[in-house]
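Student: I am new to this structure. Please take me closely through one part, the surroundings of the ligand.

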Amino acid sequence: MVGSDKSVSSKVEDCEEIALQTVGDSRGFLTVMNFGAEIPFEIQRVYFLHHVPAGESRGQHAHRSMKQVLVCVSGSVEISLFDGLNSRKIILDSPTRGLYIPPMIWRGLSNFSNSCVVLSVVSNIYDEEDYIRDLVDFVAAAK
Ligand code: TYD
């Protein structure tokens with residue numbers, strides 16, 4: 001279930017794609033994320049990845065408690081998810097779709113298209129202590 005409070009372990013199936021409310025007319029489109037509706041946690045921070053050089057990858061870590069929604073607001077990107085046992089890949093290529101990632105999911109972002117921008121809406125302020133950056137440590141902690 002989106003937003004279920006799992007601080008110890010999560011499964012890749014808990015990473016859910018979220019349809020974002022989009023209003024459009026001849027002037028273009030407006031997409032909205034509401035806390036408590038599309039975003040299943042209180043938002044404490046927003047940041048975005050941009051100007052990622054071709055062939056580069058980002059992520060390659062997990063968070064102990066942070067919840068996140070990713071939206072590829074421009075271009076496309078491949079998200080690799082791993083829960084310590086199972087893995088899954090999701091292509092984000094629409095500004096009207098978000099991806100919810102619960103805590104304790106190892107994630108990698110790769111295959112950024114030219115001019116890709118990935119918005120990240122998260123539940124925690126920045127805290128390096130919340131990161132697990134070593135895959136072996138993550139697999140041990142995810143058990
Ligand atoms: P990181 O989360 O590792 O980025 P990515 O997963 O996209 O590769 O962060 C990259 C660097 O930026 C790292 O030195 C920590 C810093 N950083 C902040 O200072 N504040 C933030 O809110 C974030 C997300 C990162």
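Tutor: Here is a walk around the ligand, followed by a look at the largest cavity. Keep in mind that this is a predicted model.

Start with the shell. The residues around the ligand are Arg-45, Tyr-47, Leu-49, Arg-58, Gly-59, His-61, Tyr-126, Tyr-131 and Arg-133. Sorted by class, four of the shell residues are nonpolar, two are polar and three are charged.

Now the polar contacts. Take Arg-45: a polar atom of its side chain sits 2.4 Å from a ligand oxygen. For His-61, a side-chain N or O atom is 2.8 Å from an oxygen atom of the ligand. For Arg-58, the distance from a side-chain N or O atom to a ligand oxygen is 3.1 Å. How much of the ligand is covered? On its own, the ligand exposes 530 Å², and the protein buries 61% of that area. Two elements each give two or more residues to the shell: strand E4 (45-49) and strand E5 (58-63).

Next, the cavity. The count gives one cavity of 30 Å³ or more. The volume of the largest cavity is about 30 Å³. Its lining consists of Arg-45, His-63, Met-66, Asn-124, Ile-125, Tyr-126, Asp-127, Asp-130 and Tyr-131. That lining holds four nonpolar, two polar and three charged residues.

Finally, put the two lists side by side. Arg-45, Tyr-126 and Tyr-131 appear both in the shell around the ligand and in the lining of the largest cavity. Arg-45 also has the side-chain atom 2.4 Å from a ligand oxygen.

Methods:
Residues numbered from 1 in each chain as written. Predicted model: local features only at pLDDT ≥ 70, side-chain atom pairs only at ≥ 80, totals over all residues. Heavy atoms only, no water. Near = heavy atom within 4 Å. Polar contact = N/O pair within 3.5 Å; in protein donor to acceptor, adjacent residues only side chain to side chain. Areas by Shrake-Rupley, 256 points an atom, 1.4 Å probe, with all protein chains shown as cover. Helix = DSSP H or I, 4+ residues; strand = E, 2+ residues; numbered from the N terminus. Nonpolar A, V, L, I, M, F, W, Y, C, P; charged D, E, K, R; others polar. 1 Å grid on protein atoms, 1.4 Å probe; cavity = no way out; pocket = protein on both sides within 12 Å on 5 of 7 lines; lining within 4 Å. Points joined across faces, edges and corners; volume = space filled by probe spheres on them.
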